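This report is meant for a reader meeting the structure for the first time. Please keep the sequence and the 3D view at hand while reading on.

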Amino acid sequence: MEGYAGIEVRATSMSTEIRVKATNTKEILDKKARKVRELKSLIEKRYNFNDEDNKVELSIKPLPYDKNLCSAAQAESLKFKLLAGTPIRLASNNILGSVMRRGGATGCEVRVSGKIRGQRAKAVKYKQGYIVSTGQPKNDFLDIAIRHVELRQGIIGIKITIMASAEQSI
């Protein structure tokens, strides 16, 4: 689903709490939370949860920060753009623009690899701003997301790296 930004799972002896982070929570919670009930029943059936021994509590939480600075949300957005047939360069530059202008990030890199055009696979990087690449600051300031897109010609890999500004660090 577009707008997916991550998941948190907390297991206790009585229940399992699953928190799905999403960018557009209103859209998911519309129609009397039908999607939430569907997701909950799918999880219960697949992983054999029952109401007596171990319950599942599913909740949809909004992002605690700007969605333009969330690499997982941006990777999902790029994934759906590519599935819709948008050219890779246009979609990648669109993501860069939204992260840098609307999000106010210090740096952003979009890496797309696979059979982009033709039979031969290659990797393309689109980069704006400044990104720290080594040491402890890499662990502290970078938000990285990797997704795979199945297209007709094969699987394309997407890696989005966002470095938020110092005041907006995630």
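From the N terminus on, the elements of the protein follow the order β-β-α-β-α-α-β-β-α-β-β, which gives 4 helices and 7 strands in the protein. The model is a predicted one, and the protein has an average pLDDT of 86, with 95% of the residues scoring at least 70. Among the elements, the mean pLDDT is lowest in helix α1 (residues 25-46), at 76, and highest in strand β4 (residues 107-114), at 95. As a general caution, predicted coordinates should not be read in detail where pLDDT is low.

Turning to the sheet, 4 strands form an open arrangement in the order β5-β4-β7-β6, and the pairing is antiparallel. The edge strands, each of which pairs on one side only, are β5 (122-129) and β6 (142-151). Direction ignored, neighbouring strands of this sheet are turned by 10° against each other on average. Within the sheet, β4 and strand β7 (residues 154-163) pair in the antiparallel sense over 7 bridges, and S113 has G157, in β7, as its bridge partner.

Two helices lie across strands of this sheet, as the table sets out.

| Helix | Lies across | Approximate angle |
|---|---|---|
| α2 (residues 71-83) | β4, β6 and β7 | about 20° to β6 |
| α3 (residues 88-102) | β4, β5 and β7 | about 160° to β4 |

For the protein as a whole, the C-alpha atoms fill a box of roughly 50 × 40 × 30 Å, taken along the principal axes. Of the 170 residues in the protein, 38% are buried, while the protein exposes about 10,800 Å², of which carbon and sulfur atoms supply 49%. When contacts with a separation of 6 or more are considered, residues 24 or more positions apart account for 55% of them.

One residue may serve as a local example: is I116 buried or exposed? I116 is found in the loop between β4 and β5, and I116 counts as buried because its relative accessible area is 15%, and the cut-off for a buried residue is under 20%. Leaving aside neighbours within four places in sequence, I116 is in contact with I88, K122, V124 and Q153. With Q74 the separation is another matter to note: I116 and Q74 are 42 residues apart along the chain, and their C-alpha atoms are separated by 19 Å.

Conventions:
Residues are numbered from 1 along each chain as its sequence is written. This is a predicted model: local features need pLDDT of at least 70, side-chain atom pairs count only at pLDDT 80 or more; totals for chains, interfaces and linings use all residues. Side-chain values use heavy atoms; hydrogens and water are left out. pLDDT is the predictor's confidence in each residue, from 0 to 100. Two strands pair if DSSP finds at least two bridges between them. Axes are lines fitted to C-alpha atoms, for helices over the stretch in contact, and angles run from 0 to 180 degrees between N-to-C directions. Contact means heavy atoms within 4.5 Å. Buried means under 20% relative accessible area, exposed over 50%, partly exposed in between (1.4 Å probe, protein chains only). Accessible areas come from the Shrake-Rupley method with a 1.4 Å probe; for residues, only the protein chains shown count as cover.
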